[in-house]
Amino acid sequence: MNQRTQIDKTGKDFWKQAGDRAVSLLFPRVCPLCGRILPTAPNNLLTSENNPYICRDCYRELHFPAEPLCLLCSRPIQDETKEYCRDCAATVHHFDQGKALLMHDEAAKKILYDLKYYNRRDNALMLAREAADRLEGWLLKIKPDVIIPVPLHKKRQLERGYNQAQLLSCRLSEILSSRKIHIPVDSRFLVRIKKTSAQKQLQSAQRRDNIKGAFEISYREDPGKYTNCSVLLVDDIYTTGTTLSECAQVLKEAGAGKVFFLTFSIG
Ligand SMILES: [Zn+2]
Ligand SMILES: [Zn+2]
């Protein structure tokens, strides 16, 4: 790096930090669970030692999937002798493997629901930071070339103003990048062309019918862009894996070598 770019970079950092400070005074960051204002100074006793975006007390409310885990979807399984959960043993999934950050209990539900429906976009930062800390080793192993968020239908995204999976992907990519792990986010390649009804009220066969043909590669993109690449799909919640499997199938038909997924909770 020559001196000129170094000065520019230092200058930019100064203004960025000053900007961040001003923003945090105007819009203080709050704990996603109890709503207490979180101090910006690091190592403050109120915030969790591990994650500065949630308070210490609420951090203890988070539950992470505990071994033994399904080899495919990473859902905890009761029977140690089994390799796959009931869902994965009974279904053909098109993804190669995936991980989930949290168990879908009350705490995770609140954090993800607020992120999705109540514009609590900061929640994505807390979740992405935790995912980066806990799943960095796995990400280094699977070496994704790109992160692709599960897309929303254009109309739904316009109504909501954002796609929560895209926010989670971007925050994750930024945090990893600060650790010198560069995985770009591509939110344009895969699109949702079918406005599907909410999956959670449906039985598994209905879910598959509901989601069939819902995704495709955008006509604006080169369909062979990720030929033989390793792709990481990102979504907020994993329930039966139907949506992720459908996305993985479309990506593989377009030539993707491996398709992994990361979700922020698993039910
Ligand atoms: Zn709290
Ligand atoms: Zn499974």
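Tyr117 has a relative accessibility of 42% and therefore counts as partly exposed, since that class lies between the buried limit of under 20% and the exposed limit of over 50%. The structure described here is a predicted model. Tyr117 belongs to helix 4, which covers residues 106-117. Together with Tyr113 and Tyr118, Tyr117 forms a nonpolar patch on the surface, and the accessible area of these three residues together is about 370 Å².

## The two zinc sites

The model contains a zinc ion designated ligand 1, whose protein donors are the SG atoms of Cys31, Cys34, Cys55 and Cys58. Cys34 and Cys55 of this site link distant parts of the chain: they stand 21 residues apart, and each lies in the loop between helix 1 (3-26) and helix 2 (56-59). A zinc ion designated ligand 2 is coordinated by the SG atoms of Cys70, Cys73, Cys85 and Cys88. The table sets out the two sites.

| Zinc ion | Donor distance | Donor angles | Spacing along the chain |
|---|---|---|---|
| Ligand 1 | 2.3 to 2.4 Å | 100 to 115 degrees | C-x2-C-x20-C-x2-C |
| Ligand 2 | 2.3 Å | 104 to 115 degrees | C-x2-C-x11-C-x2-C |

What arrangement do the 4 donor atoms around the zinc ion (ligand 1) make? It is tetrahedral, because the angles they subtend run from 100 to 115 degrees and four donors count as tetrahedral if all angles lie between 85 and 135 degrees. The 4 donor atoms around the zinc ion (ligand 2) subtend angles of 104 to 115 degrees, and the arrangement is therefore tetrahedral.

The accessibility of several of these cysteines can also be stated. At the ligand 1 site, Cys34 is partly exposed, with a relative accessibility of 39%, whereas Cys55 is buried at 0%. At the ligand 2 site, Cys70 has a relative accessible area of 4% and is buried. Cys73 is likewise buried, with a relative accessibility of 0%.

## The parallel strands

Strand 5 consists of residues 230-238 and is mostly covered, since 8 of its 9 residues are buried, that is, under 20% relative accessible area. Strand 5 runs parallel to strand 2 (residues 146-149), and 4 bridges join the two. In this part of the model, Ile148 stands opposite Leu233 of strand 5.

Strand 5 also pairs with strand 6 (residues 258-266), again in the parallel sense, over 8 bridges. Here Ile237 has Ser265 in strand 6 as its bridge partner.

Is Asp236, a residue of strand 5, buried or exposed? Its relative accessibility is 4%, so Asp236 counts as buried. The C-alpha atom of Asp236 is separated by 10.0 Å from that of Leu167, although the two residues are 69 positions apart along the chain.

Strand 6 has 8 of its 9 residues buried and is therefore largely enclosed by the rest of the structure. Besides its pairing with strand 5, strand 6 pairs with strand 1 (residues 97-103) in the parallel sense, over 6 bridges. Met103 stands opposite Ile266 in strand 6. As background to these pairings, the side chains of a regular strand alternate between the two faces of the sheet.

How values were computed. Residues numbered from 1 in each chain as written. Chains lettered and ligands numbered in written order. Predicted model: local features only at pLDDT ≥ 70, side-chain atom pairs only at ≥ 80, totals over all residues. Heavy atoms only, no water. Donors = N, O, S within 2.8 Å, 3.2 Å for Na, K, Ca; no water. Tetrahedral: all angles 85-135°; square planar, octahedral: opposite > 155°, others 65-115°. Buried < 20%, exposed > 50% of the residue type's maximum accessible area, 1.4 Å probe, protein only. Patch = residues over 30% accessible without salt bridge, like charges linked within 9 Å, V, L, I, M, F, W, Y side chains within 5 Å. Areas by Shrake-Rupley, 256 points an atom, 1.4 Å probe, with all protein chains shown as cover. Salt bridge = Lys/Arg side-chain N within 4 Å of Asp/Glu carboxyl O. Pairing = 2+ DSSP bridges.
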